[in-house]
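Me: I'm new to this one, and I'd like to learn how to read it. Could you walk me through its features one at a time?

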Amino acid sequence: MGAVGWVSRRAAAVLPSLALLALSACSQGKSYPGRETYQSGLCPQCHGVDRAGTAMGPPLKQLRRSWHPDSLGAYLQKPDAFVERNPRLQGLATKYTMVMPRFNMDESTRHDLVRYLLETEQ
Ligand code: HEC
């Protein structure tokens, strides 16, 4: 009898912390679904899993300094059009042998991706 009582008290103590873990993992995924898009697409091959950049693409940090959600969304649809008229991007583009490709994605996926890029650093 005593032993059963002990076990259930332990279980009661452990359960809330597990629930808390599940909750925090869940809310993270919910706030930035764009992280999934970034990590599962081709982006990390050129920009790195941690967005620190690779030999094929620049780091994607502090993007808020240069981009607004609308402009970044437009850039992702047609990067080449922006590079033509943006000296900073032209400078960046000359450092890498490949260009930033165009990606086709639906609007909500792009919106989530932009949010992830602008609101997080990795
Ligand atoms: C083949 C390599 C390659 C891939 C794949 C790639 N990029 Fe790029 N990206 C570049 C290069 C090179 C630049 C530099 C500027 C240019 O060429 O437009 C760049 C620039 C950028 C910029 C602008 C950086 C700045 O400083 O303003 C963003 C944002 C960006 N990429 C996001 C992405 C995302 C998101 C993905 C995945 C959907 C991705 N890139 C996939 C090569 C790549």
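Reply: Let's go from the overall chain to the helix contacts and then to the ligand. One thing to keep in mind from the start is that this is a predicted model.

Me: Where do I begin? How many helices and strands are in the chain?

Reply: A good habit is to list the elements before looking at how they meet. Here the chain has 7 helices and 0 strands. Read from the N terminus on, the order is α-α-α-α-α-α-α.

Me: How much of the chain counts as buried?

Reply: Burial is judged residue by residue, by counting neighbours. Of the 122 residues, 10% count as buried. Contacts tell another part of the story: among those with a separation of 6 or more, 61% join residues 24 or more positions apart.

Me: Now for the helix pairs. At what angle do α2 and α7 pack?

Reply: For a pair of helices, look at the angle and at the distance between the axes. Helix α2, residues 33-40, packs on α7 at about 95°, and the two axes are 7 Å apart. Angles of 65 to 115 degrees count as roughly perpendicular, so that is the word for α2 and α7.

Me: Which residues in α2 and α7 meet?

Reply: From α2 come P33, G34, R35, T37 and Y38, and they meet T109, D112, L113, R115, Y116 and L117 in α7. By type, the residues of this contact are 5 nonpolar, 3 polar and 3 charged.

Me: And how do α4 and α7 cross?

Reply: The same reading works here. Helix α4, residues 69-77, has an axis that comes within 10 Å of that of α7, and they cross at roughly 120°. The pair α4 and α7 is therefore oblique. The crossing of α4 past α7 is right-handed. On the α4 side, P69, L72, G73 and L76 make the contact, and on the α7 side R110, H111, L113, V114, L117 and L118 do. Sorted by type, this contact of α4 with α7 has 7 nonpolar, 2 polar and 1 charged residues.

Me: Last, the ligand. Which residues come nearest to the ligand?

Reply: Start with the shell of residues around the ligand, then ask which elements supply it. There are 26 residues around the ligand, and C43, C46, G57, Y96 and M100 come nearest. The elements giving two or more residues to the shell are α3 (43-47), α5 (79-85), α6 (87-94) and α7 (107-119). The largest share, 4 residues, is from α3.

Me: What types of residue make up the shell around the ligand?

Reply: The shell divides into 21 nonpolar and 5 polar residues, with no charged ones.

Note on methods. Residues numbered from 1 in each chain as written. Predicted model: local features only at pLDDT ≥ 70, side-chain atom pairs only at ≥ 80, totals over all residues. Near = placed C-beta within 6 Å. Nonpolar A, V, L, I, M, F, W, Y, C, P; charged D, E, K, R; others polar. Axes fitted to C-alpha atoms, helices over the stretch in contact; angles between N-to-C directions. Parallel < 35°, antiparallel > 145°, perpendicular 65-115°, else oblique. Contact = placed C-beta atoms within 7 Å. Left-handed = near helix turned anticlockwise from the far one by under 90°. Buried ≥ 20, exposed ≤ 12 C-beta atoms within 10 Å, placed from the backbone.
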